[in-house]
Every structure is written in C-alpha cells, then in structure tokens.
Amino acid sequence: MTRIAVLGSTNMDLVAYTARAPERGETVTGREFRTVPGGKGANQAVAAARAGGEVTMIGAVGDDAYGAQLRDGLEHAGVDTDLLHTAEGPSGTAHIVVDDSGSNAIVVIPGANGVVTALGPGEIAAIAAAELLLMQLELPLSAVVEGARAARSQGVRTILTPSPVQPLPDELLDHIDLLVPNEYEAAELSGQAEPHAAAQILLRQVPEVIITLGAKGCLYAARGGEPVLFAAPEVSAVDTTGAGDTFVGALAVALGEGRPVAKALAFASSAAALCVQKPGASTSMPYRSEIEADAV
C-alpha cells in the first residue's frame, strides 16, 4: 500500500442545495440541508484511503461535537488520526451552496485548523515515513512550508493543492514536486487565463503541474515536455464539491504505486467522475473496487 501523509484541514461541511445560488442581497429558498465531514485535507485523506492508500492525517479539530464526528469519520474510512490533535474551541466549518448544475460556492471558517502553525517531532516523523505528502492551503502557511521542507529533506514526494489560492512564497515552491491547481487557481497564480499558458508559467516554479479543468478533464505539464490534455469521463454531475480532492487523493495512490502518468491520471479521473455523481464531499468518494471497475 502507498504510504501517504496528509497535512491539511478538517472541516464540517454545512451544505445547502438550491436551484440557483443567490445574488448579492438576495434570499432564495433551498430544498435540502446536510452536514457532511469535509475539509480539503480530510477529503484528500479519505479519497486516498478509499483508493487503497495507507493514510495518516496531520491537523486539528475542535473540542466540539463536530470535532468528534470528524475524527470518527476519518477513522471509519481507515485513516490514522493519531496526529489529528484536539484544540480548544470550534472545529473548522465550510459553508457551501450547491446549485442544480452541481456547481458550488464555499466560505471556509478555519476554527481549529488555524492553530496548526508549526509541526512537532511526531508530525515530522510521520512525513518522513511516507512516500507522498499531500498539502493544501487551509492551514496556516507556516505549517505548510515546514511540512514541505521536511518532506523534501527526506526524499518524500510533495503534492500541493493551492486552495484557497494565495501568493505562494519561494520557500514553499522550492519544495513542491507537483502542483495541482484548478483552472481558476492556475490563472490567479500565473496571471494567464489560458491553461496551456498558465502551465508554462507555473513550470518555472515547480517541476510538474496538473491543472484540473472540471468536465473538460485535466492538463498535465512537466519541464522538458509538451503539455498533454486528458479528457474526463462524461457523466451527469450532481455535486462537484469533493471532485478535486478525490482526484488528488486517488492520483497520489496511483503515483505511489508506480503507475505511469497517463494511467495514474485515468485512475484519478475515474475517481473524480464517480464522486460528482453523488451529493456530498467525503461521503461521495468511491472505493478502489469502484474506481477500477469504472476505469476498465
């Protein structure tokens, strides 16, 4: 099994489903509300575990009811939570509106995630024992930089999802092997709206880039090679909330197993396509058997 450490956020997703998202100053009536365990870090951890990885979660939850539910959800998925600390105060939350097209808008409130500003010896050891480290930007940047630096010093492959998007310092980018932004994030980071152009700019900073393009698939680019566009499976989306995290978690497992890039991307794309056909984030993530059946 691929050993994966995830340094990231754990949130409770508070999800409202409605025909269309409200405009500024407008109130609309929704049809359903759900609470679903989430957070980009926890989502990637669950996705990787369900895809067949051996996963350790590094982060924090609050000492509230959500914190207990979030920990239980990760453990139920087979994720090691020994390094998921309990902090005083509320857990992180994500307030999500999903419309009838499956598109979403999200406001994240960090809560306990905000206390993860540095890593201790246990966290550093867990990163060193992994084959890949997955990171996002819902934790304080100081912790993300420290994690990336620790991974690089031990030869652990690093994958960063730059969300929520923000300027990335060289002290972080210097330790990133693979950057996985979506189309919007790639444009923000590069100043280029066109994905191929954005990828070329980003390759000046990291060796490999995968820009996820939703229903259009993804663009893979590496230094010294031509960018390649990989199509996504055609499906009817119900809720796209966890698609990107599912893609990254499954991709990490496939890469850790030594699959060629094309086959790893096919595996990850199948996982994401299965995810968007069900509501919720972590609750919609497929198991390895489902992914392999879909990828055939």
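A cavity, as I use the word, is a set of grid points where a 1.4 Å probe fits but cannot get out. Keep that in mind. One more thing up front: this is a predicted model.

So, the enclosed space. How many cavities of 30 Å³ or more are there? The count comes to one. The largest cavity holds about 40 Å³ of space. Its lining is Arg 157, Leu 178, Glu 208, Ile 210, Tyr 220, Leu 251, Leu 255, Val 261, Ala 264 and Leu 265. Which elements supply at least two of those residues each? Strand E11, residues 208–212, is one of them, along with H8 and H9. H9 gives the most to this lining, with three residues.

Now the open space. The largest pocket has a volume of about 1200 Å³. It is lined by 43 residues, and the closest to its centre are Asn 182, Thr 240, Thr 241, Ala 243 and Gly 244. Several elements supply at least two lining residues each: strand E2 (11–17), helix H1 (40–50), strand E7 (104–109), H6, helix H8 (243–256) and helix H9 (261–275). Which one gives the most? H8 does, with five residues.

H6 brings me to a single residue. Glu 185 is found in helix H6, residues 183–190. This glutamate is buried, yet has no salt bridge. Where is the nearest side chain of opposite charge? That is Lys 40, 5.9 Å away. The salt-bridge cut-off is 4 Å, so a pair at that distance does not count. What does Glu 185 touch, then, leaving aside its neighbours within four places in sequence? Pro 162, Ser 163 and Val 165.

Last stop, helix H4, residues 141–153. Start with its length. H4 has 13 residues, and at 1.5 Å a residue they should span 18 Å. The expected span uses one less than the number of residues, which is why the figure is 18 Å. The end C-alpha atoms are 18 Å apart, so the model agrees.

Next, burial. In H4, the buried residues are Ala 143, Val 144, Val 145, Gly 147, Ala 148, Ala 150 and Ala 151. What covers them? The cover includes strand E1 (3–7), helix H3 (121–129), strand E8 (132–135), strand E9 (157–160) and helix H5 (170–173). Just after H4 comes Gly 155, with a positive phi of about 75°.

To recap the two spaces. The largest pocket takes the most from H8. The largest cavity takes the most from H9.

Definitions and conventions. Residues are numbered from 1 along each chain as its sequence is written. This is a predicted model: local features need pLDDT of at least 70, side-chain atom pairs count only at pLDDT 80 or more; totals for chains, interfaces and linings use all residues. Side-chain values use heavy atoms; hydrogens and water are left out. Helices (H or I, at least four residues) and strands (E, at least two) are DSSP runs, numbered from the N terminus. Buried means under 20% relative accessible area, exposed over 50%, partly exposed in between (1.4 Å probe, protein chains only). Lys and Arg count as positive and Asp and Glu as negative; His and the chain ends are not counted. Contact means heavy atoms within 4.5 Å. On a 1 Å grid over the protein atoms alone, a cavity is a set of points where a 1.4 Å probe fits but cannot get out, and a pocket is an open set with protein on both sides within 12 Å along at least five of seven lines; lining residues have an atom within 4 Å of a point. Grid points are joined across faces, edges and corners, and a volume is the space filled by probe spheres set on the points.
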